[in-house]
Amino acid sequence: MKAAIIHNYSEGFSSLSYEEVETPKPGVGEVLIRVKARAVNHCDTDLRKGIFGIEQPFPWVMGVDACGEIAELGDGVSNFSIGDRVAPHFLLTCNTCQNCLEGKENICERAEILGVTVWGGYGDYLKCKSTDLIRIPETLSDIDAAAGQLPFATAWESLIVAASLSAGESVLITAAGGGVGSAAIQVAKLAGARVIAAAGESSKLERARALGADEVINYTTDNIEDCCKDLTNGRGIDCALEMIGGTILKQTIGAITPGGRVVVIGAHGGEQVEVDFVEFFRKHITVHGAGRSTKAHASKVLSLMANKQLIPVIHKTFHLSEAAEAHKLMESRNFFGRMILTDKDSI
Ligand SMILES: [Zn+2]
């Protein structure tokens, strides 16, 4: 098969080359998927550069999310057929640990990660266990499924499941210009919340407003805590989805009203944060670590996308052979929405 692969870790984009590699062979309980579309994620660029934190043998096919149709069934697979449209869940779970048995497979004790610990979606084909598959609704396109599954599922797991966001509450979404941030705006509006979107550029804030944000904050020029207090008559916000870390996380904690919740799902802007824990017990603030969805919640957001209640935001579609160009654009940060790698003639 053809795949966009890396032979070594590199800052350079040309290290991603489009080459012929061996097509995976599905084993017992596995399926082979003909991949139609896959999204580019920040973890892909981190993995290419060798800063993800988990090492890979070379050559390596990355890609944490993908969708397509089943091309071949391994022995023992009876619940799927050739031609079924599916997306592998990015967490490939063991199905035997305590958390898996309790339906909390998103915190599986022995999970593999697609594209990180096993070959992922940057090839014409990928293989995975049939138990890791999610069915794609008939009316949802391959590109939309690839674009929306991960960000909407992450936002759903964080806001609806972890933070129990409800109608009428106020919610701050930091990094509102990113894939999860823009998805979270839509999920929060669907829940009936008042959305305050924060980003570092005015153009991203305009896009956030277009997606439904009620208020916007430019955190490069304004203090998040002060703005949130002003926007809530001094009360503070009920909930926050924070994915930047550093001073943004500190300001976010300061903006939370007594009894409020902060969901933390990323910290690229500062992983070590000094906080005053008195704030937490004095104000009964809860902090949730979240971000990994269950298959059931990923399936839920695919249904909402098929019903047009959630609309994936796509910045640009590339051919798989142009993966290096997509990585370059991802690292420039000059985009809004998702980059999709596809075989244009197969969509
Ligand atoms: Zn498990």
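## Val195 and its surroundings

In this predicted model, Val195 is part of strand β11. Setting aside residues within four places in sequence, Val195 is in contact with Val171, Ile173, Ile185, Ala188, Lys189, Gly212, Ala213 and Asp214. One of these partners, Ala213, is 18 residues from Val195 in sequence, yet the C-alpha atoms of the two are 5.1 Å apart in space.

Is Val195 buried or exposed? Val195 counts as buried because 25 C-beta neighbours lie inside 10 Å, and the threshold for a buried residue is 20 or more.

## The six-stranded parallel sheet

Strand β11 belongs to an open sheet of six strands, arranged in the order β12-β11-β10-β13-β14-β15 with parallel pairing. The edges are formed by β12 and β15 (286-289); each has a single partner strand, so one side of each lacks a neighbour in the sheet. From one strand to the next, the twist averages 15 degrees.

Strand β14 (residues 256-264) pairs with β15 in the parallel sense, and four bridges join them. Within this pairing, Val262 stands opposite Val287 in β15. Helix α3 (residues 142-162) packs on the sheet, where it touches β10, β13, β14 and β15. The direction of α3 makes about 150 degrees with that of β14. Helix α7 also packs on the sheet, touching β10, β13 and β14, and its direction makes about 165 degrees with that of β13.

## Helices α6 and α7

In helix α6 (residues 224-231), the residues Ile224, Cys227, Cys228 and Leu231 are buried. Why do these residues lie on the same side of α6? They cover an arc of only 95 degrees around the axis, which places them on the same side of the helix. As a general matter, an α-helix has 3.6 residues a turn, so residues three or four places apart point the same way. The cover over the buried residues of α6 includes strands β10 (170-173), β11 (194-199), β12 (215-218) and β13 (237-242), together with helix α7 (246-255). Just after α6, Asn233 adopts a positive phi of about 55 degrees.

In α7, the buried residues are Ile248, Leu249, Gln251, Thr252, Ile253 and Ala255. Their cover includes β10, α6, β13, β14 and α8 (278-282). Helix α6 is thus among the elements covering α7, and α7 is among those covering α6.

## The antiparallel strands β3, β4 and β5

Antiparallel pairing is found between strand β3 (residues 30-39) and strand β4 (residues 67-73), which are linked by six bridges. Here Ile33 stands opposite Ile70 in β4. Strand β4 is also joined to strand β5 (residues 85-88) by two bridges, and these strands run antiparallel. In that pairing, Glu69 stands opposite Arg85 in β5.

## Contacts between distant parts of the chain

Which helices cross at roughly 105 degrees? They are α1 (residues 42-49) and α10 (residues 323-332), whose axes come within 10 Å of each other. This crossing angle makes α1 roughly perpendicular to α10. On the α1 side the contact comprises His42, Asp44, Thr45 and Arg48, which meet His327, Met330 and Glu331 in α10. By class, the contact has one nonpolar, three polar and three charged residues.

Leu190 lies in helix α4 (residues 179-190). Beyond its neighbours within four places in sequence, Leu190 is in contact with Gln309 and Leu310. Leu190 and Leu310 are separated by 120 residues in sequence, while their C-alpha atoms are 8.2 Å apart. Leu190 is partly exposed, because 19 other C-beta atoms lie within 10 Å.

## Backbone exceptions

Most residues other than glycine have a negative phi, and most peptide bonds are trans. The peptide bond from Phe58 to Pro59, however, is cis, with omega near 0 degrees. Pro59 is located in the loop between α1 and β4.

Asn95 has a positive phi, near 65 degrees, in a residue other than glycine. Asn95 belongs to the loop between β6 (91-92) and α2 (98-101), and is partly exposed, with 13 other C-beta atoms within 10 Å. Ser164, likewise not a glycine, has a positive phi of about 50 degrees. Ser164 lies in the loop between α3 and β10, and counts as partly exposed with 13 C-beta neighbours inside 10 Å.

Notes: Residues are numbered from 1 along each chain as its sequence is written. This is a predicted model: local features need pLDDT of at least 70, side-chain atom pairs count only at pLDDT 80 or more; totals for chains, interfaces and linings use all residues. A residue is buried if 20 or more other C-beta atoms lie within 10 Å of its own, exposed if 12 or fewer, and partly exposed in between; C-beta atoms are placed from the backbone. The arc is that of the directions from the helix axis to the C-beta atoms. Two residues are in contact if their C-beta atoms, placed from the backbone, lie within 7 Å. Two strands pair if DSSP finds at least two bridges between them. Axes are lines fitted to C-alpha atoms, for helices over the stretch in contact, and angles run from 0 to 180 degrees between N-to-C directions. Angles under 35 degrees count as roughly parallel, over 145 as roughly antiparallel, 65 to 115 as roughly perpendicular and the rest as oblique. Ala, Val, Leu, Ile, Met, Phe, Trp, Tyr, Cys and Pro count as nonpolar, Asp, Glu, Lys and Arg as charged, and the others, Gly among them, as polar.
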